[in-house]
Protein chains: 2
Amino acid sequence: MNKKYSCKLDPETCSKTRMAIQDTLDVVGGKWKLVLLSILRGGKRRFKELSREADISPRILSKELQELEMNGLVSRTVCDTKPVTVEYALTTYSETLSDVLISMQKWGEQHRKKIVAAS
Amino acid sequence: MNKKYSCKLDPETCSKTRMAIQDTLDVVGGKWKLVLLSILRGGKRRFKELSREADISPRILSKELQELEMNGLVSRTVCDTKPVTVEYALTTYSETLSDVLISMQKWGEQHRKKIVAAS
DNA sequence: AATACCGGTTACAAAAAGGATACCGGTACA
DNA sequence: TGTACCGGTATCCTTTTTGTAACCGGTATT
């Protein structure tokens, strides 16, 4: 009778849901994560290649790659070549993100159309 | 023979995909959008109610609500009551986001498990 | 007239994110 | 020995985002 507000889902479930979505946002959000993932979809790259292709400074690149690696989305392999090179590549685990990325892509596309149409 | 790198998808398609995903991130990303959407899933709220429930300052709240409204996810209704009140509610259009939110939620949940297990 | 609530806005401070530049240790090559 | 490329870090600075506090116009209540 006197509940403050009517929530279809109880507050606990709500906040768990929110946390899960936030987790995902933390992993793929930010300015560079997605750019790097999509470049790596084209195959492995070395550090400087990524830096050039994405036009991103080494400091940021290094940080972003570490985060992606910590989340298991990207692998880092040191190659014993003339000047030591390091290869970054997508992991198989990164494929688990495809549902997320595909739904985001679809929504983004239709939303842009909608917004453009409305203006 | 001499292509710089082998991309399964041609670069144009890649960048369109990226842009679409970025659009989505712009809409639901950030610190507050999701919190507000999930509170509003429990039914409409007035400005101060949102401010209190989310513990968000009026300045930020105002900005976030404007953005959500611009994107058609939230409606703003001025009620002609004793002290004028304003009601914010989810639009039907906001339901188009459900695929995105559900997939993000699922991935976030399993990812957290994975990360926790690994540590 | 004084006070209080509502939906905001303004001006300012703090913190987080992102960027530019220089540099390091290692190896090769001229 | 000098130069160049590699992966990456350290330092400093700018931009963006978020937070704090006071305040405004409008209406109702005391």
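In this predicted model, the surface near DNA strand C draws at least two residues from each of four elements: α4 (58-70) of chain A, and α3 (47-54), α4 (58-70) and β3 (85-90) of chain B. Near means that a heavy atom of the residue lies within 4 Å of the strand. Helices (H or I, at least four residues) and strands (E, at least two) are DSSP runs, numbered from the N terminus. The largest share, four residues, belongs to α4(B).

Residues are numbered from 1 along each chain as its sequence is written, and chains are lettered from A in the order in which they are written. Local features need pLDDT of at least 70, side-chain atom pairs count only at pLDDT 80 or more, and side-chain values use heavy atoms, without hydrogens and water.

Around DNA strand C stand 18 residues. A:K31, A:W32, B:S62, B:R76 and B:Y88 come nearest. Of the strand atoms within 4 Å of the protein, 59% belong to sugar and phosphate. By class, the surface holds eight charged residues (Asp, Glu, Lys, Arg), seven nonpolar (Ala, Val, Leu, Ile, Met, Phe, Trp, Tyr, Cys, Pro) and three polar (the others, Gly among them).

Individual side chains reach both backbone and base of the strand. A polar atom of B:R76 lies 2.4 Å from a phosphate oxygen. For B:Y88, the distance to a phosphate oxygen is 2.6 Å. A:R59 places a polar side-chain atom 2.8 Å from a base nitrogen.

In chain A, A:S94 sits in the loop between β3 (85-90) and α5 (98-118). A:S94 is buried (under 20% relative accessible area, 1.4 Å probe, protein chains only), at 12%. The A:S94 side chain reaches the backbone oxygen of A:T91 at 2.6 Å.

Terms used:
Polar contact = N/O pair within 3.5 Å; in protein donor to acceptor, adjacent residues only side chain to side chain. Buried < 20%, exposed > 50% of the residue type's maximum accessible area, 1.4 Å probe, protein only.
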